[in-house]
Amino acid sequence: MSETAAAPVPSGAEPHPLRTVVLAGGLTFEREVSLSSGTQVWEELARAGVDAELRDADAELLPGLAAAPADAVFIALHGATGEDGALRAVLDLAGVPYVGSPAAACRLAWDKPAAKSVVRSAGVRTPDWVALPHSTFRELGAGTVLDLMVARLGLPLMVKPASGGSALGVQKVTRVEELPAAMVSCFAYGDTVLVERFVEGVELALSVIDLGDGPEALPAVEIAPESGVFDYTSRYTPGLTEYHTPARVSDDVAARAADLAVRVHEALGLADLSRTDAIVSPDGEVHFLEVNVSPGLTETSMFPMAVEAAGYELGDVLARLLARRARTER
Amino acid sequence: MKTSEIRALFSVVSRPEVVSLAGGMPAVTALPLDAVGSMIGELVSGMGAQTLQYGSGQGDPRLRERICDVMALEGIRDASPSEVVVTVGSQQGLDLVTRVFVDPGDVILAEGPSYVGALGVFQAAEARVRHVAMDDNGLIPEALEEALVDCRANGDRVKFLYTVPNFHNPAGVTLSEARREAVVALAEKYDLLIIEDNPYGLLGFEGEPMRALRARNNQRVIYLGSFSKTFSPGLRVGWVLAPLAVREKLVLATEAQVLCPPSLTQYAVARYLDTQPWREQIKLFTELYRERRDATLESLATLMPAGAAWTRPDGGFYVWLKLPHGLDAKLMQPRAVNAHVAYVPGIGFFADGNGREYMRLSYCYPEPDQIREGVRRLARVIEAELDLHSTFDRVDTGTFRAVRPAGREAETIVGPANSDTYEDGR
């Protein structure tokens, strides 16, 4: 399936290797993960023959891109700026092409409650939820609001920051006494908390790529963390989580999971690549949890596993995405 | 939140937007860099045959002589160069001592809190660390005696007391003169070995250096020294001063680990001590650190909310801050990252999970203005966290309907399996 990256060749010009800047780092909780993703992308692209430079998204970035333009930028930033659409909006202003979803779609996907509303409207199942800022608890009385939340959503609950990835700040609350402390530690990550009904089941990572023929779901990666909880440590410590690719689910479930991932990708207006996290409940239903516009690309990340399981080479896929963006104006 | 998450949050410290009160990096740019540069250049061009060659496992004899001169400043006048083993920083010295003395399951007594790098070494040796309480005057001798009695009663083998008596990392406090005598007397009484780790002893802001524990007892104290804070941490030159019988074992252990400490950096330190005004340089360092300590303490006094308390170091690099009641420095860390200020959560300095309400602030590296800005940001973070706690701490979940349904089963109150009635609250 592998295909050599085609560099953009304007007619009459000498072909040149595709030049890209891989953005990694950033000023967020996920900096370390991003540096790890970025390094992997940079190595893979170099292997695929792309002239790639790895750099942080800081005050030097825009002058650097102006002085040495890239055919397209690859955003391996996780967390705010890289994923919330802000950086992409600035790249749009600067006329710099980039791989991945447009700014507005990113903003929507970044806001997990908003994304859940959109995908639910598109007919996709997602666990019931409520998202509230700290001020609501303060003004209406935390006890009253939490009581209502538990009464309507039940236990266990998933408590997570309304934006951000890598499972930072995510907690499963099984006993009501744990809830106030869970809220306190979750609000340390951001001003809005998303509280979701917990769905028991098999966790799946559903990667989607679009190499030009429309969004294509890659084989689902099943996640089986040793500790039972797919938290930050389970994600980024090799050996602490077992991954099964393709997932050990029936063909029917696999097909519906793939369909869900593509529907989410389209409903939110995403482009090029995405990774949807979902859960398969014992009745075989697939439930949407959240979507990442800048999926992890580290050695232990699920997106590269899915790419490989589909018979692609990661470097080739990334190079093809770059080549497409280098040729097309948004 | 696990250790790996703390490490991940630390990643942002490398960005200039973040004021780091976290790392303990000495202010090396205050060194006469040109002079040091030409000195090291000459060591290679003029003495390459020695400086680029293997050396002895115990370390360069000339350097060991000079190390004895340095230790004399803290009252250690009976040390001979043959009792000194040069190590790759005092960290390797601590590792060697631990390898020589400790078997899995042995008990090591250490101040609570204790230097995180030491706890790592002890953990690797599968030792059990028992913390001994300290206060503004350092380790509390009564608490030490209680721990020794307890361990004896439990049949625990106590291998040594690990202590940082001067300008403690992380607590910032110094063991008082009276307590030094008491601790050494306890060592005699209980046949206890003391590992005296003293990287900061010459960095006092006023008065003469305190007399070392090793100066009071040359058989029961093994002394760890370092040039990392008085000269350069990048050169990685430290040492162990130990009785001859122990020294033999340390040399064998270091030869197995690294063959010999790096020759070039040992020559660099020896030449620096021979040719540069190193005492004046230490004075310059302490003046710089005192100014930063003052900026830290002044800002804390002005800006910290009620309920916070902190130590007032007379030297060294660190202030140990206790948060207002109920706050957890580790859980607060994401908020601090958002506010672009970094510190080290206290839990890392305990082997037993304590220390959640503490944090270590380092003032050695940032300039005074940055320190003031960092403390300002930190104060805002703490205030926001207090606000959050005031919202959630008083919630009585025991009164929730799902817990005590009023005459109905909890299941009937819990919401429907997948209704579309919820809005996202925006």
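**Stop 1: the open sheet of chain A.** Select β1, β2, β3 and β4 of chain A in this predicted model. These 4 strands make an open sheet, and walking across it you meet them in the order β2-β1-β3-β4, with parallel pairing. Now colour residues 51-55 and 98-99 of chain A, which are β2 and β4. Both stand at the edges with a single partner strand each, so one side of each has no neighbour in the sheet.

Stay at the β4 edge and add β3, residues 72-75 of chain A. Strands β3(A) and β4(A) pair in the parallel sense over 2 bridges. To see one bridge, show Val73(A) and look across to its partner in β4(A), Tyr98(A).

**Stop 2: strand β6 of chain A.** Next, select residues 157-161 of chain A, the strand β6. Is this strand mostly covered or mostly uncovered? It is mostly covered, as 4 of its 5 residues are buried.

Two pairings are worth viewing here. Add β7, residues 171-173 of chain A: β6(A) pairs with β7(A) in the antiparallel sense over 3 bridges. Within this pair, Met158(A) stands opposite Lys172(A). Then add β8, residues 192-197 of chain A, which is also antiparallel to β6(A) and is joined to it over 5 bridges. Show Leu157(A) and find its bridge partner in β8(A), Arg197(A).

**Stop 3: how confident is chain A?** Colour chain A by pLDDT. The chain averages 91, and 94% of the residues score at least 70. Then select residues 1-14 of chain A, where pLDDT stays under 50. For this stretch the model has 26 contacts beyond four places in sequence.

**Stop 4: where the chains meet.** Bring chain B into view. Here 36 residues of chain B are in contact with 45 residues of chain A. Which elements of chain B give two or more residues to the side that touches chain A? They are α1 (3-10), α11 (333-338) and α12. Coloured by residue type, this side of chain B divides into 16 nonpolar, 9 polar and 11 charged residues.

**Stop 5: helix α12 of chain B.** Finish by selecting residues 368-392 of chain B, the helix α12. It has 25 residues and reaches 36 Å from its first C-alpha to its last, close to the 36 Å expected at 1.5 Å a residue. Now show some side chains: the buried residues of α12(B) include Ile371(B), Val375(B), Leu378(B), Val381(B) and Phe392(B). Arg377(B) and Glu385(B) are also among the buried residues of this helix.

Terms used
Residues are numbered from 1 along each chain as its sequence is written. Chains are lettered from A and ligands numbered from 1 in the order in which they are written. This is a predicted model: local features need pLDDT of at least 70, side-chain atom pairs count only at pLDDT 80 or more; totals for chains, interfaces and linings use all residues. The expected span of a helix is 1.5 Å times one less than its number of residues. A residue is buried if 20 or more other C-beta atoms lie within 10 Å of its own, exposed if 12 or fewer, and partly exposed in between; C-beta atoms are placed from the backbone. Two strands pair if DSSP finds at least two bridges between them. Two residues are in contact if their C-beta atoms, placed from the backbone, lie within 7 Å. Ala, Val, Leu, Ile, Met, Phe, Trp, Tyr, Cys and Pro count as nonpolar, Asp, Glu, Lys and Arg as charged, and the others, Gly among them, as polar. pLDDT is the predictor's confidence in each residue, from 0 to 100.
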